[in-house]
Amino acid sequence: MSYDPQNIFAKILRGEIPSHKVYEDADTLAFMDVMPQVDGHVLVIPKAPSRGLLDADPAVLARAITVVQKVAAAASKAFAADGFQIRQYNEPAGGQTVFHLHFHVLPMHAGQGLRPHSGKMADHAVLARHAEMIRQAL
Ligand code: AMP
């Protein structure tokens, strides 16, 4: 399967649709997931187009995972988390719904479950506040 430049994350990268940004550099963007599975659920995406993990340039992956580490630390601090999960889905059979490579960063508390994947849209004011909390913790 090939990369479709009309996917929603490509539109976010081009500024065609809004997002609640947490972090941005020349190669990578991090923003709030609009259907958060936990409070503080962030998506980290490389700017270079790839559909999933396997068609990404290893150098791009190296830069993206460095930002994943940075964002995981900040989200954990901002939400006083006990731990965190990094999730990354590939192809529909692997649970992927948006076909631009992304890493989910999920700050976790002991005994906490996850809300459904691609579940309920969060309030934008809440997402904006959570993004600000994570930016402050970077
Ligand atoms: P995946 O199943 O790994 O492809 O996950 C895609 C994620 O993107 C889901 O968690 C969705 O909630 C999230 N998502 C979909 N559209 C948007 C959007 N416009 N802005 C932020 N997150 C989105």
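This report describes the surroundings of Asp33, the ligand site, the salt bridges and the position of Pro36 in a predicted model.

**Asp33 and its surroundings**

Asp33 is located in the loop that joins strand S2 (28-32) to strand S3 (42-46). The residue is buried but takes part in no salt bridge. Its nearest side chain of opposite charge is that of Arg115, at a distance of 9.0 Å. A salt bridge requires a side-chain nitrogen of Lys or Arg within 4 Å of a carboxyl oxygen of Asp or Glu, and the 9.0 Å separating Asp33 from Arg115 does not satisfy that requirement. The side chain of Asp33 does, however, reach the backbone nitrogen of Met35, at 2.8 Å. When residues up to four places away in sequence are set aside, Asp33 touches His41, Val42, Leu43, His104 and Leu127.

**The ligand site**

Asp33 also belongs to the group of residues closest to the ligand, together with Thr97, His102, His104 and His117. In total, 18 residues surround the ligand. Two backbone positions come into polar range of the ligand: an oxygen atom of the ligand is 2.9 Å from a polar backbone atom of Gly95, and an oxygen atom of the ligand is 2.9 Å from a polar backbone atom of Val98. A side chain is involved as well, since an N or O atom in the side chain of His104 is 2.8 Å from an oxygen atom of the ligand. Taken alone, the ligand exposes 510 Å², and the protein buries 94% of that area. His104 thus appears twice in this account, as a residue touched by Asp33 and as a side chain in polar contact with the ligand.

**Salt bridges**

Side chains of opposite charge can pair when their charged atoms come close. The model contains seven salt bridges. The table lists three pairs, among them one within a helix.

| Pair | Closest N to O distance | Relative accessible area |
|---|---|---|
| Glu16 and Arg14 | 2.7 Å | Glu16 47%, Arg14 41% |
| Arg115 and Asp39 | 3.1 Å | Arg115 39%, Asp39 39% |
| Arg135 and Glu132 | 2.6 Å | Arg135 35%, Glu132 32% |

Glu16 is partly exposed, and Arg14 is partly exposed. The side chains of Arg115 and Asp39 meet in a salt bridge. Arg115 lies in the loop between strand S5 (103-108) and helix H3 (124-137), and Asp39 lies in the loop between S2 and S3, so this pair ties together parts that are 76 residues apart in sequence. Arg135 and Glu132, by contrast, both belong to helix H3, where three residues, or about one turn of the helix, separate them. Arg135 is partly exposed, as is Glu132. Elsewhere, a network of salt bridges links Lys21, Glu24 and Lys47.

**Pro36 in the S2 to S3 loop**

Pro36 also has its place in the loop between S2 and S3. Pro36 counts as buried because its relative accessible area is 11%, which is under the 20% limit for that class. Although Pro36 and Met121 are 85 residues apart in sequence, their C-alpha atoms are 7.6 Å apart in space. Apart from neighbours within four places in sequence, Pro36 is in contact with His41, Arg115, Lys120, Ala122 and Leu127. Two of these names, His41 and Leu127, recur among the residues touched by Asp33. Arg115, another contact of Pro36, is the partner of Asp39 in the salt bridge described above.

Definitions and conventions. Residues are numbered from 1 along each chain as its sequence is written. This is a predicted model: local features need pLDDT of at least 70, side-chain atom pairs count only at pLDDT 80 or more; totals for chains, interfaces and linings use all residues. Side-chain values use heavy atoms; hydrogens and water are left out. Helices (H or I, at least four residues) and strands (E, at least two) are DSSP runs, numbered from the N terminus. Buried means under 20% relative accessible area, exposed over 50%, partly exposed in between (1.4 Å probe, protein chains only). Lys and Arg count as positive and Asp and Glu as negative; His and the chain ends are not counted. A polar contact is a pair of N or O atoms within 3.5 Å; within protein, one must be able to donate a hydrogen and the other to accept it, and residues adjacent in sequence count only if both atoms are side-chain atoms. Contact means heavy atoms within 4.5 Å. A residue is near a molecule or strand if one of its heavy atoms lies within 4 Å of it. Accessible areas come from the Shrake-Rupley method with a 1.4 Å probe; for residues, only the protein chains shown count as cover.
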